[in-house]
Structures are given as structure tokens and as C-alpha cells.
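The following exercises are to be worked with the sequence and the three-dimensional structure at hand. Each task is followed by a solution in steps.

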Amino acid sequence: MFRALLRLVLVLVIVVGAAAFFLGWWGSGRLRPGAQPADRPAATAGTSGHVDTEKARQVGAEVGEKTAVAASRAGEVLSDAALTAKIKSKMGLDDVVQARSIDVTTSNHVVTLSGTVRSAAEHDRALQLARETDGVTRVIDRLAGGR
């Protein structure tokens, strides 16, 4: 469902972009029959003065660094969400753990389990499932009951 929506949005962006490009090109007189160069508005572009390449490199490096940090943060958020989903799936498939009674939250690969368990076996199994999940660095136990 999400993929289909994403594809639709992408196709719409491409179609609108192409239409804007061609309408802008057409509207500028380029396709008008008999148009002479003098009939078209003059397009000018240029630079004046000296370009400081060292400053440009520095700004480019700063932008690149900020982009890398933002991408890393986005990756961590997705990674944390994936860890939470993996653990909840494991609990849902486990016979001992009642998954809907346990909340799983993940932040920076640290998993927090909270909620109520019925027995010590369920408590221990929930912790074990979380600890055995690849990518988890630490598990915080806030489970009540069953001890």
C-alpha cells in the first residue's frame, strides 16, 4: 500500500516537472513559428569578481558533513524502529510471552520493555528475546508482575 502510494507520488512529480519544463520552453517563444532571435528576451548569466575556491570547498565540506549526520540520524531511527518490530514479532510468535501486554521501545539500540507479565518464565523469556536480537546493545527491564 505504502509502495503504491510512493510510486504514484513519484510519477505525479515527474509528470508535473516535465509539463512545467515543456510549457516553460514553449511559452518562451522557442516553438513559435517564425520567431526570430530578436523577438526572444535576452537570457544573461554570469559572474563578476573573484570566486574563492577555498571558501567554496569549505562550504561544500560543511554541507556534506551536515548531510551525512542527517542521513545517519535517519538510519538510526529506521534501525530502532526495525529492532522494535523484530522484538515484537518474536514475542508475538512465542508461546510463553503474551506480546500485547508488553510495550517495546527502542532508542539508540537500547530496548526498554514495560508492561505486565503473568509469570517469572514469561518475564525471563521476554528479556531473552530482546537480548538475543541482533543490534540490541542493552535491555532495560521495566516489566511488572511475575517475579
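**Exercise 1. Determine which residues of the largest nonpolar core touch the most other members, and which elements supply this core.**

Solution. In this predicted model, the largest nonpolar core has 17 residues. Those that touch the most other members are Ile-87, Met-91, Ile-102, Val-104, Val-111, Leu-113 and Ala-126. Next, assign the core to elements: helix H2 (53-93), strand E1 (102-107), strand E2 (110-116), helix H3 and strand E3 (138-144) each supply at least two of its residues. Of these, H3 gives the most, with four residues. In soluble globular proteins, nonpolar side chains tend to be buried together.

**Exercise 2. Compare the expected span of helix H3 with the distance between its end C-alpha atoms, and state where its buried residues lie.**

Solution. Helix H3 comprises 12 residues, 120-131. At 1.5 Å a residue, H3 should span 16 Å. The end C-alpha atoms of H3 are 17 Å apart, which agrees with the expected value. Now list the buried residues of H3: Glu-122, His-123, Ala-126, Leu-127, Leu-129 and Ala-130. Because these residues cover an arc of only 160° around the axis, they lie on the same side of H3.

**Exercise 3. Describe how strands E1, E2 and E3 are paired.**

Solution. Begin with E1 and E2, which pair in the antiparallel sense over six bridges. Within this pair, Val-104 stands opposite Leu-113 of E2. The two strands E1 and E2 form a hairpin with two residues between them. In the turn, Asn-108 has a positive phi of about 55°. Then turn to E2 and E3: their pairing is parallel and extends over seven bridges. Here Thr-116 has Ala-144 in E3 as its bridge partner. Finally, E2, H3 and E3 together make a right-handed β-α-β unit.

**Exercise 4. Is Leu-113 buried or exposed, and with which residues is Leu-113 in contact beyond its neighbours within four places in sequence?**

Solution. First, locate Leu-113 in strand E2. Its relative accessibility is 0%, and therefore Leu-113 counts as buried. Second, leave aside the neighbours within four places in sequence; the contacts of Leu-113 then include Met-91, Ile-102, Val-104, Ala-126, Leu-127, Ala-130 and Ile-140. Third, consider one such partner: Leu-113 and Ile-140 are 27 residues apart in sequence, and their C-alpha atoms are 6.2 Å apart in space. Ile-102, another contact of Leu-113, is itself in contact with residues including Lys-88, Met-91, Val-97, Ala-126 and Leu-143.

Conventions
Residues numbered from 1 in each chain as written. Predicted model: local features only at pLDDT ≥ 70, side-chain atom pairs only at ≥ 80, totals over all residues. Heavy atoms only, no water. Expected span 1.5 Å × (residues − 1). Buried < 20%, exposed > 50% of the residue type's maximum accessible area, 1.4 Å probe, protein only. Arc of directions from axis to C-beta. Core = buried A, V, L, I, M, F, W, Y, C linked by side-chain atoms within 4.5 Å. Contact = heavy atoms within 4.5 Å. Pairing = 2+ DSSP bridges. Right-handed = clockwise from strand over helix to strand, strands pointing away.
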